[in-house]
Amino acid sequence: MGELDRIRWRCRRGLLELDLILKRFLEDHFDRLDAGQRDLFNQLLDESDNDLLDWVLGRGDPSETRYRPLVELLRAD
């Protein structure tokens with residue numbers, strides 16, 4: 001199983017809305033991320049579904065500032 005397949009599997013969440021957002025992000029942006037950004041995206045996926053959805057929908061910002069650039073990319077989709 002390749003890196004993209006593993007990340008695609010990790011993007012399957014308990015919230016359909018979040019599944020759709022993450023799937024579109026993978027299709028549109030993942031191949032343009034550098035190794036550091038990909039690692040950070042993997043770490044971002046460790047966060048709770050509700051927090052991720054709130055951040056992506058602009059209902060809050062991650063307390064970890066390192067996540068903010070990726071969250072902005074997710075919001076832009």
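**Helix 3 and the salt bridges around it**

In helix 3 (residues 35-44) of this predicted model, Arg38, Leu40, Phe41 and Leu44 are buried, that is, under 20% relative accessible area, where over 50% is exposed and values in between are partly exposed (1.4 Å probe, protein chains only). These residues lie on the same side of helix 3, because they cover an arc of only 160° around the axis, taken from the directions from the helix axis to the C-beta atoms. Helices are DSSP runs (H or I, at least four residues), numbered from the N terminus. The cover over the buried residues of helix 3 includes helix 1 (3-10), helix 2 (16-29), helix 4 (49-56) and helix 5 (68-76), contact being heavy atoms within 4.5 Å.

Across the whole structure, 9 salt bridges are found, each a side-chain nitrogen of Lys or Arg within 4 Å of a carboxyl oxygen of Asp or Glu. One of them joins Arg38 to Glu3 (3.2 Å, N to O); since Arg38 lies in helix 3 and Glu3 in helix 1, parts 35 residues apart in sequence are tied together. Asp46 and Arg10 likewise form a salt bridge (2.4 Å, N to O), which links the loop between helix 3 and helix 4 to helix 1, 36 residues apart.

Residues are numbered from 1 along each chain as its sequence is written. As the model is predicted, local features need pLDDT of at least 70 and side-chain atom pairs count only at pLDDT 80 or more, whereas totals for chains, interfaces and linings use all residues, and side-chain values use heavy atoms, with hydrogens and water left out.

How values were computed:
Helix = DSSP H or I, 4+ residues; strand = E, 2+ residues; numbered from the N terminus.
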